[in-house]
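Reader: I would like a close look at a single part of this model, namely the strands and how they pair, with whatever can be said about their surroundings. Please take it slowly and keep each statement tied to what was computed.

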Amino acid sequence: MSATTGAASDPNGRSRAVSEVVDLVSTLIRFDTSNTGDLATTKGERECAEWVARQLQDAGYTTEYVESGAPGRGNVFARLPGADSSRGALLVHGHLDVVPAQAEDWSVHPFSGAVRDGYVWGRGAVDMKDMVGMMLAVARQFKIEGTVPPRDLVFAFLADEENGGKWGAHWLVDNRPELFEGVTEAVGEVGGFSLTVPRPDGGERRLYLVETAEKGLGWMRLRAKARAGHGSFLHEDNAVTILAGAVSRLGTHTFPLVLSDSVAEFLAAVSQETGLEFDPGSPDIEGTLAKLGSISRIIGATLRDTANPTMLDAGYKANVIPQTAEAVVDCRVLPGRQAAFEREVDELIGPDVEREWITKLDSYETTFDGHLVDAMNDAVLAHDPDGRTVPYMLSGGTDAKAFAKLGIRCFGFAPLRLPPELDFAALFHGVDERVPVDALEFGTNVMEHFLLHS
């Protein structure tokens, strides 16, 4: 149960949280928290984290600012006690960093936080300062109005997610596990957004995708070694040639189709709503998925493992055969497939190429059931009675990978009701990233309802 006192709303009848969420998101975007992956050039996280802490402190929270093992990598925590201290706490987490953006490519400046044409524009609008803004708005409202949630809520605003969380979630889990004391479940990014699908009767249905699984994330270095020599000689033993062949075989390989439980449940729900048949044995299952629009890029990538070469490095002069050649491959591996994936990679690259993991984060999957899932579903239906929540797997990765190491059950739930025509998937790390104002307001209402019944 929960209790609320001193509730307030604006003249339009909106809650305190809804009335300020757009301004919060816009302000968050104006902090350039670009994460380049290089400690020397990544910036803005400390300033943004300190601003977040002030917003929480102004509402009455006691906050803890934690700078991880690298200067400027700021993280902020605040805990709101719940009515039942015997229940496990719920972690609500969001990252403050964003990927870089080139201003000349955008219609608006990527760090302007402009509000126009019904959208909030800027880098991080959907990844993930939208949810950070919703978290902050609801957290402030609860504290100001004296709301007591049913269980303890831990709000975490984190650094470095866009480079694997080394100086954010993973550092905190490894070095400050007491910050997560009592936490049993967590919600974070890339879930809860709507996908509008056609129904056989000519109507439409909004499905709200709750992330219950993530592929493993691994960045692999390949290295070939051979004899160096003059570029004018005949060279049967050439590191560049050996590496290029291995990279070509790996990059063009199609890994076997494997349906995880999360993907199978998603496809079954979509089939039920649309009448489309997703036959795992069909050679054109990707073609059927394409009928779902832009989301098919995410779902299609969860049908099989992937290994995409992204970087090459060899040589130092045009007429010198180098002794070594290296490549980096972005690998995304389905739950339960790691050993089989590595065997397949070894067969493809051959015995003359070495491999090592630069970064290796495990896959994750949980079931779509239980009280927390019921609370998500009820919150969505309270504000969109015609909606339906369904599980899905994210082809990328989030900070959930770190929290899962503590035995925390993780979900992606950052609710947004999106226009059917919006290519939402393309906005992640894309040019002209933006989030609809009404989607933010909808999501804030859903988030409030969810946390009051979690």
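Author: What follows goes through the strand pairings one group at a time and then turns to the cysteines and an annotated span. The model is a predicted one, and the description should be read with that in mind.

I begin with the open sheet, in which three strands are arranged in the order 4-5-19 with antiparallel pairing. Strand 4 (115-116) and strand 19 (434-436) stand at the edges, and because each has a single partner strand, one side of each is left without a neighbour in the sheet. Between strand 5, which covers residues 119-121, and strand 19 there are three bridges, and these two strands run antiparallel; within this pairing, Val-120 has Val-435 of strand 19 as its bridge partner. Packed on the sheet is helix 13, made of residues 437-452, which touches strand 4, strand 5 and strand 19, and whose direction makes about 65° with that of strand 19.

A second group of pairings is built around strand 2, residues 74-80. On one hand, strand 2 is joined by five bridges to strand 1 (residues 63-67), the two running antiparallel, and Glu-67 has Gly-74 in strand 2 as its bridge partner. Strand 1 and strand 2 form a hairpin with six residues between the strands, and in this hairpin Gly-72 takes a positive phi near 90°. On the other hand, strand 2 also pairs with strand 6 (residues 153-158), again in the antiparallel sense and over five bridges, with Arg-79 standing opposite Val-154 of strand 6. As for its surroundings, strand 2 is largely enclosed by the rest of the structure, because six of its seven residues are buried. In a regular strand, side chains alternate between the two faces of the sheet.

Turning to the cysteines, the count of disulfides comes to zero when a pair of sulfur atoms within 2.5 Å is required. Cys-331 is buried, since its relative accessible area is 1%, and Cys-410, with a relative accessible area of 2%, is buried as well.

Finally, an unreviewed UniProt entry carries the annotation "domain: Peptidase M20 dimerisation" for residues 212-340. In the model, the end C-alpha atoms of residues 212-340 lie 22 Å apart, and the span is 32% helix and 28% strand.

Definitions and conventions:
Residues are numbered from 1 along each chain as its sequence is written. This is a predicted model: local features need pLDDT of at least 70, side-chain atom pairs count only at pLDDT 80 or more; totals for chains, interfaces and linings use all residues. Side-chain values use heavy atoms; hydrogens and water are left out. Two strands pair if DSSP finds at least two bridges between them. Helices (H or I, at least four residues) and strands (E, at least two) are DSSP runs, numbered from the N terminus. Contact means heavy atoms within 4.5 Å. Axes are lines fitted to C-alpha atoms, for helices over the stretch in contact, and angles run from 0 to 180 degrees between N-to-C directions. Buried means under 20% relative accessible area, exposed over 50%, partly exposed in between (1.4 Å probe, protein chains only). UniProt positions are given in the numbering used here, feature names are shortened, and annotations may be inferred rather than shown by experiment.
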